[in-house]
Amino acid sequence: CFYIHKWTRETKFPHAVWAAGRGLIALLLPNFDQVDHVWLEPASWEGIGCTKITKAKSEGPRTGNVETRVYLEKKLVFCFGSYVAAQILLPFGEENYLSSSELQQAQEIATRMVVQYGWGPDDNPTIYFCSNSSFTLSMGDSHEYEMAAKVEKLYYSAYEKAKQMLQKNHRVLEIFVEQLLEYEMLSGMQSSSNIPNATPVLT
């Protein structure tokens with residue numbers, strides 16, 4: 001006998017939050033990838049939120065075979081969209097496990113930026129926030145400690161940026177989630193100018 005998952009508003013909710021967070025953060029990031037569709041798919045075994053996002057053509061994610069710094073900075077912020085949305089909208093203390101792969105991707109991007117490309121968080125102070133947080137690291141030598149500290153600072157700076165963006169657009173995020181719960185599909189959202197009452201992002 002097969003177990004049939006009941007696709008209710010309650011079971012939809014974390015998936016809608018996940019999808020809405022990804023879609024909205026992509027729309028708010030200037031000159032970032034295009035959001036084609038955001039939808040809920042009840043046909044999978046337990047239901048799932050989905051997003052279709054096309055890489056931006058105007059700026060392009062790569063120069064030759066190397067990803068541009070500007071694109072990776074935005075991609076790093078994008079990775080925290082669903083996680084921050086869950087922090088804002090889910091009940092206190094409830095984690096959205098759906099964001100785990102994106103948090104891992106953010107860690108990988110930050111590591112690549114520092115280790116492979118040699119980009120640190122202090123190279124461009126107009127993009128990153130200065131955090132008062134202290135990081136606890138157990139690294140062997142001073143060089144490894146410095147590299148790890150740069151990775152962590154990039155990671156948490158991007159998180160703070162995503163948090164600021166979605167908190168400023170808290171009501172818009174709620175509307176996105178409500179529309180997904182009701183209609184299960186949002187499409188044609190190509191820029192933040194199409195979002196009612198959206199607060200422009202700081203650049």
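In this predicted model, Lys 52 is a good place to start: with a relative accessibility of 41%, Lys 52 counts as partly exposed. Its side chain meets that of Asp 36 in a salt bridge, with 3.2 Å from N to O. The pair joins distant parts of the chain, since Lys 52 belongs to strand S2 (residues 48-54) and Asp 36 to strand S1 (residues 34-41), 16 residues apart. Asp 36, for its part, has a relative accessibility of 13% and therefore counts as buried, because buried means under 20% relative accessible area. A partly exposed lysine is thus paired here with a buried aspartate.

This salt bridge has company, as a search of the whole structure finds seven of them. Another one links Glu 73 with Arg 69, where the closest N and O atoms are 2.7 Å apart. Both residues sit in helix H2 (residues 69-78), and because they are four residues apart there, about one helical turn separates them. Neither side of this pair is exposed: Glu 73 and Arg 69 are both buried.

A further salt bridge is found in helix H6, which covers residues 170-183. Here Arg 171 pairs with Glu 174, and the closest N and O atoms are 3.1 Å apart. The two are three residues apart in the helix, so they too are separated by about one helical turn. Their surroundings can be described residue by residue. Arg 171 has a relative accessible area of 54% and is exposed, because the exposed class begins over 50%. Glu 174, at 28%, is partly exposed.

Attention now turns from charged pairs to an aromatic residue. Phe 13 lies in helix H1, which runs over residues 9-28. With 23% relative accessibility, Phe 13 counts as partly exposed. Which residues does Phe 13 touch, leaving aside those up to four places away in sequence? They are Leu 89, Leu 90, Val 177 and Leu 181. Two of these names can be placed against elements already described: Val 177 and Leu 181 have numbers that fall within helix H6 (residues 170-183). Leu 90 shows how the chain brings separate stretches together, for Phe 13 and Leu 90 are 77 residues apart in sequence, and their C-alpha atoms are 8.6 Å apart in space.

Key: Residues are numbered from 1 along each chain as its sequence is written. This is a predicted model: local features need pLDDT of at least 70, side-chain atom pairs count only at pLDDT 80 or more; totals for chains, interfaces and linings use all residues. Side-chain values use heavy atoms; hydrogens and water are left out. A salt bridge is a side-chain nitrogen of Lys or Arg within 4 Å of a carboxyl oxygen of Asp or Glu. Buried means under 20% relative accessible area, exposed over 50%, partly exposed in between (1.4 Å probe, protein chains only). Contact means heavy atoms within 4.5 Å.
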